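These are my notes from going through one model. I kept each entry to what I looked up.

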Amino acid sequence: MPRATRDDVSIYYEHEKGGGDGAADPVVLLQGLGFGRWMWRWQREALRDTHQVIAPDTRGTGRSDAGLPPLVPRLPGRLRTPLLSRFGYSVEGLAADLEAVLEDAGVRSAHIVGASLGGMVAQQYAVEYSRASSLTLLSTSHGGPDAAPIPEEIRQQLLASSGDGDRKRLRDSMRPAFSERFTNRNPHLMDRIVEWRREQDAGGPAQIAQAAAVSSFDVADRLGSIRVPTLILHGNDDRVVPPANARLLAERIPDAELEYVEGGSHCFFIERDDRVNESLLAFLEEQGREGRVGSTRR
């Protein structure tokens, strides 16, 4: 079980060698707020035969340590929530965790794929570090006052489960992230997702700490420094991160490609996994071709 350590916090990650060319850049998958690695199972299946995949557990999620003061989880919610909202994680810190993972894995360059909070970490990583060979940003925002904000009532609903494992609260908290049509048509899958969340998602304190990272994030003025190929995918019915954020990202990241998915929810990569996987694989194949051409020229 590979682990990287930063600031005495252990970060767990999986590294699937799959059928990918050992010389090709691996694909790193970064999940959304509170979500475990289960979120990417559809993309991992699509990538398995052609690419190496690295899937870290975000700090405080799954098998990664939370790195929070021991007293915090024992505090009553009325004290814990304001404390973590002010002194929680930062996207800068989560990007540093990713750098530690790639250093531990011996990876010199990688395709970074991030959704929601993971997309924020991907942006921060690209402007701070040098290992990103491409970015794929899903359901995310550059943060700051210029971004279209997450509606407060939606934010409260997403965090309503508080990581306590209650099945009903977990199911209710997911409703804004999925379309009603998908939820109604796939009750058994939604049941399985609830169980995956109970096993792998962040605990209550870590969820709040991750939410604090989202609230303080802002790289709007630094996106012009990104010089790697970037694909932006966003559902045009996303109720969590308004779709206008995708256009704002595309305007600020040089030569970024933007694709809206018609009828896509916040978790459109689950609901429309075939559509997302097709775009992702085509984008990665394009980067692979350009890399091979560049190697030939050298």
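**Serine 139 and aspartate 8**

I began with serine 139, in a predicted model, and asked whether serine 139 is buried or exposed. Serine 139 counts as buried because its relative accessible area is 0%, under the 20% cut-off. I placed serine 139 in the loop between strand 6 and helix 5. I then looked up its backbone angle: the phi of serine 139 is near 50°, a positive value in a residue other than glycine. I noted this because most residues other than glycine have a negative phi.

I found a positive phi at aspartate 8 too, about 65°, and aspartate 8 is not a glycine either. Aspartate 8 sits in the loop between strand 1 (3-6) and strand 2. Its relative accessibility is 76%, so I entered aspartate 8 as exposed.

**Whole chain and confidence**

I counted 12 helices and eight strands in the protein chain. The chain has 298 residues, and 53% of them count as buried. I also looked at how far along the chain the contacts reach. Among contacts with a separation of 6 or more, 75% are between residues 24 or more positions apart.

The average pLDDT of the chain is 91, and 89% of the residues score at least 70. I marked residues 293-298, where pLDDT stays under 50. For residues 293-298 the model has zero contacts beyond four places in sequence. Where pLDDT is low, the predicted coordinates should not be read in detail, so I left that stretch alone.

**Nonpolar cores**

Which residues touch the most other members of the largest nonpolar core? I listed Val28, Leu102, Ile112, Leu135 and Ile226, out of 44 residues in that core. Elements that each supply at least two residues of this core include strand 2 (9-16), strand 3 (27-30), helix 3 (91-105), strand 5 (110-115) and strand 6 (132-138). Helix 4, helix 9 and helix 10 (244-252) also each supply at least two.

I followed valine 28 further. Leaving aside neighbours within four places in sequence, valine 28 is in contact with Ile54, Pro56, Leu98, Leu102, Ala110, His111, Ile112 and Val113. There is also a second, separate core of 33 residues, which includes Phe35, Leu47, Leu138 and Val261.

**Largest pocket**

I took the volume of the largest pocket as about 610 Å³. Its lining has 35 residues, and those nearest its centre are Leu33, Met120, Ile150, Val214 and Val240. By class I recorded 21 nonpolar, 11 polar and three charged residues in this lining.

Which helix gives the largest share of the pocket lining? I found that helix 9 does, with four residues. Helix 4 (117-128), helix 5 (152-158), helix 6 (167-174) and helix 9 (204-216) each supply at least two lining residues.

**Cavities**

Rolling a probe the size of a water molecule over the atoms shows where empty space is left. My count came to three cavities of 30 Å³ or more. The largest cavity has a volume of about 140 Å³. I noted 13 residues lining the largest cavity, with Leu30, Pro56, Thr58, Leu94 and Val121 closest to its centre. Helix 3 and helix 4 each supply at least two residues of that lining. The lining of the largest cavity divides into seven nonpolar, three polar and three charged residues.

Pro56 came up twice in my notes: Pro56 is one of the contacts of valine 28, and Pro56 is also among the residues closest to the centre of the largest cavity.

**Two pairs separated in sequence**

I checked glutamine 207, found in helix 9. I entered glutamine 207 as buried because its relative accessible area is 3%. Glutamine 207 and glycine 60 are 147 residues apart in sequence, yet 7.6 Å apart in space, C-alpha to C-alpha.

My last entry is glycine 224, in the loop between helix 9 and strand 7 (230-235). At 37% relative accessibility, I put glycine 224 down as partly exposed. Its C-alpha atom and that of arginine 252 are separated by 5.8 Å, with the two residues 28 apart along the chain. Leaving aside neighbours within four places in sequence, I found glycine 224 in contact with Arg252 and Pro254.

Key: Residues are numbered from 1 along each chain as its sequence is written. This is a predicted model: local features need pLDDT of at least 70, side-chain atom pairs count only at pLDDT 80 or more; totals for chains, interfaces and linings use all residues. Side-chain values use heavy atoms; hydrogens and water are left out. On a 1 Å grid over the protein atoms alone, a cavity is a set of points where a 1.4 Å probe fits but cannot get out, and a pocket is an open set with protein on both sides within 12 Å along at least five of seven lines; lining residues have an atom within 4 Å of a point. Grid points are joined across faces, edges and corners, and a volume is the space filled by probe spheres set on the points. Ala, Val, Leu, Ile, Met, Phe, Trp, Tyr, Cys and Pro count as nonpolar, Asp, Glu, Lys and Arg as charged, and the others, Gly among them, as polar. A nonpolar core is a set of buried Ala, Val, Leu, Ile, Met, Phe, Trp, Tyr and Cys residues joined through side-chain atoms within 4.5 Å. Buried means under 20% relative accessible area, exposed over 50%, partly exposed in between (1.4 Å probe, protein chains only). Contact means heavy atoms within 4.5 Å. pLDDT is the predictor's confidence in each residue, from 0 to 100.
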